[in-house]
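Student: Could you walk me through a few features here, step by step? I'd like to see the reasoning as well as the results.

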Amino acid sequence: MGRQVKGLLYFFLTDIRYSLMIFWSILLSILVLSLCIAYFLIGVENGNYYLSVDIPIYVYCAIFGFLTVKETIPFAIKIGATRKNLFVALGVFFLGLAVVKSVISSTLQLVTLAFTKATGVSTFNFLYLSPLMEGSWLTRVIIDTAVMFFLISIMYIFGLLFYKAGLAGGGIAAGILILILLYGIAEGWLIEFFINQFMEPHLSFFYQLLGVGLVLYGLTYFFVRNITIIKTK
Amino acid sequence: MRIEVKNLSKRYKDQEALKNVSFTLDEPKIYGLLGRNGAGKTTFMNILSGQILASGGEIVIDGENPFDNQRLTESICLIKEGDNFKKDLKVKNVLKIYSYFYPKWDQELADELIKEYNLNVNAKVKALSKGMESALGIIVGLASKAPITIFDEPYIGLDAPSRKRFYEILLNEYQMEKRTIIFSTHLIDEVSLLFEEVLILSEGSLLLKEEAEAIRDKACAVSGKKGEVEKFIQDKDVLERKQFAGMMTAYIFGDGEEARANGLSVEGVPIQELMIALTSRKEGA
């Protein structure tokens with residue numbers, strides 16, 4: 001691996017460490033609080049407590065992908081990184097982040113469920129995006145990695161659009177996407193698509209999602225190859 | 001490294017920051033890049049370091065374009081007056097990151113300078129005072145040992161003794177290993193003796209590019225009684241006149257010998273005064 005790519009990965013890691021610590025501290029605190037609430041629900045008839053660990057992680061990834069453009073790229077260029085190395089390093093970092101977060105999340109859920117089983121806190125449940133995630137540790141890791149990488153990539157593209165084309169350009173792109181989504185919802189095919197994919201799921205869908213994420217990330221090279229430290233307003 | 005600037009232009013929407021600027025920096029020297037605010041200095045340095053693209057013309061370093069060229073980006077280190085480093089990083093992280101990007105990085109020198117400027121390596125950039133952040137920029141710029149090192153007002157908030165020490169270290173490092181140092185500053189009088197060559201930009205155009213010694217010989221300050229000075233400067237190219245209590249000082253282009261022969265007192269013109277006079281003259285034209 002080139003020195004620049006190593007340097008960029010070190011830069012990204014040291015830069016993200018603080019925000020990751022805050023994120024996981026909050027999420028773990030919520031998990032502990034939720035376990036306490038679930039414990040008190042044991043005596044309540046039909047008492048059940050549901051917590052989603054994945055949704056906050058997905059939101060974090062989406063925001064991270066968007067903010068990376070204006071928070072990280074100008075500094076990377078100032079340090080002397082070339083656009084090609086930046087593209088490679090960010091790709092590796094995004095994928096690495098998705099995998100590590102998935103592994104942590106899936107392990108955390110495994111340990112928590114073992115704990116609730118051992119202590120008899122049967123009222124505590126995790127809420128999943130897809131029923132497939134109730135399966136094995138590995139299945140959860142694969143699904144989470146695919147969803148996270150896809151979200152990071154798509155929001156990174158939006159970040160690049162806003163950075164390079166300004167508020168107007170980014171706004172137009174976001175507006176077109178929202179119109180397509182609204183049209184899909186109104187026509188019903190979008191909702192049907194999601195119901196089919198998430199309620200009657202096949203793991204192959206998530207492999208495809210990961211593939212789409214990789215293709216989307218690949219497209220960002222055309223935005224990055226001439227990027228400068230000046231953000232279009 | 002040979003830097004050729006060919007018809008360089010840069011336009012930001014309606015504003016033209018650089019207008020067909022051309023010159024060549026042939027050899028490793030300490031260059032003073034001077035000019036008033038908005039003269040185009042920072043834009044030039046950003047293009048030179050490959051951080052932005054020119055609107056027209058080009059910069060060629062040893063025959064290659066610096067934009068996105070790894071061989072050149074690791075040979076050019078640009079330290080600006082601020083916003084050089086991410087605020088959440090620790091000083092030690094900043095130094096380590098830069099060490100990956102500059103193959104000639106001198107960690108020993110960085111450690112020495114950290115002690116010299118009394119920086120805490122575990123402190124975050126956002127916890128540093130303005131002067132300490134500037135000191136970190138100076139440390140990175142010097143320790144990078146980049147063949148082209150550019151300082152753009154690198155010492156905002158740095159106190160006078162620290163600035164003096166910086167000049168000493170800079171000169172020392174330069175004497176040990178010659179490299180191209182481009183120095184842009186508004187504290188011209190403080191550093192003018194360091195400059196070997198001076199470039200003055202004004203309103204996006206190159207106004208002057210001369211050896212510092214030649215500039216000093218080219219112009220002089222003539223002082224004496226008002227009437228005598230006025231008579232003497234009648235047929236001279238006068239940059240500026242100052243009068244006080246019947247006495248007059250005039251900055252003129254030309255040799256001071258004739259003035260001395262006329263019984264007038266002759267001194268050199270400080271580069272700062274020369275820059276002010278030249279840029280004012282251009283703006284007035």
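Student: Thanks! In which helix of chain A does A:Leu177 lie?

Tutor: Happy to help, and keep in mind that this is a predicted model. Helix 4 of chain A covers residues 137–187. A:Leu177 therefore belongs to this stretch by its number, and the element is helix 4 of chain A.

Student: Is A:Leu177 buried, partly exposed or exposed?

Tutor: Buried needs under 20% relative accessible area and exposed needs over 50%. A:Leu177 has 36% relative accessibility, so it counts as partly exposed.

Student: Which element gives the most to the nonpolar patch?

Tutor: The patch includes A:Leu177, A:Ile178 and A:Ile195, and has about 720 Å² of accessible area together. Helix 4 and helix 5 (189–199) of chain A each give two or more residues. With 6 residues, the top contributor is helix 4 of chain A.

Student: Over in chain B, how far apart are the end C-alpha atoms of helix 5?

Tutor: Helix 5 of chain B has 14 residues, and the expected span uses 1.5 Å a residue. That expectation is 20 Å, and the model agrees because the end C-alpha atoms are 20 Å apart.

Student: How many residues of helix 5 of chain B are buried?

Tutor: This helix is mostly covered. Its buried residues, among them B:Leu136, B:Ile139 and B:Val140, pack against elements including helix 3 (91–101) and helix 6 of chain B. Of its 14 residues, the buried ones number 12.

Student: Which residue with a positive phi follows helix 5 of chain B?

Tutor: Just look past the end of the helix. The phi there is near 50 degrees, and the residue is B:Lys145.

Definitions and conventions:
Residues are numbered from 1 along each chain as its sequence is written. Chains are lettered from A and ligands numbered from 1 in the order in which they are written. This is a predicted model: local features need pLDDT of at least 70, side-chain atom pairs count only at pLDDT 80 or more; totals for chains, interfaces and linings use all residues. Side-chain values use heavy atoms; hydrogens and water are left out. Patches are made of residues with over 30% relative accessible area and no salt bridge: like charges are joined within 9 Å, nonpolar side chains (Val, Leu, Ile, Met, Phe, Trp, Tyr) within 5 Å. Accessible areas come from the Shrake-Rupley method with a 1.4 Å probe; for residues, only the protein chains shown count as cover. A salt bridge is a side-chain nitrogen of Lys or Arg within 4 Å of a carboxyl oxygen of Asp or Glu. Helices (H or I, at least four residues) and strands (E, at least two) are DSSP runs, numbered from the N terminus. Buried means under 20% relative accessible area, exposed over 50%, partly exposed in between (1.4 Å probe, protein chains only). The expected span of a helix is 1.5 Å times one less than its number of residues. Contact means heavy atoms within 4.5 Å.
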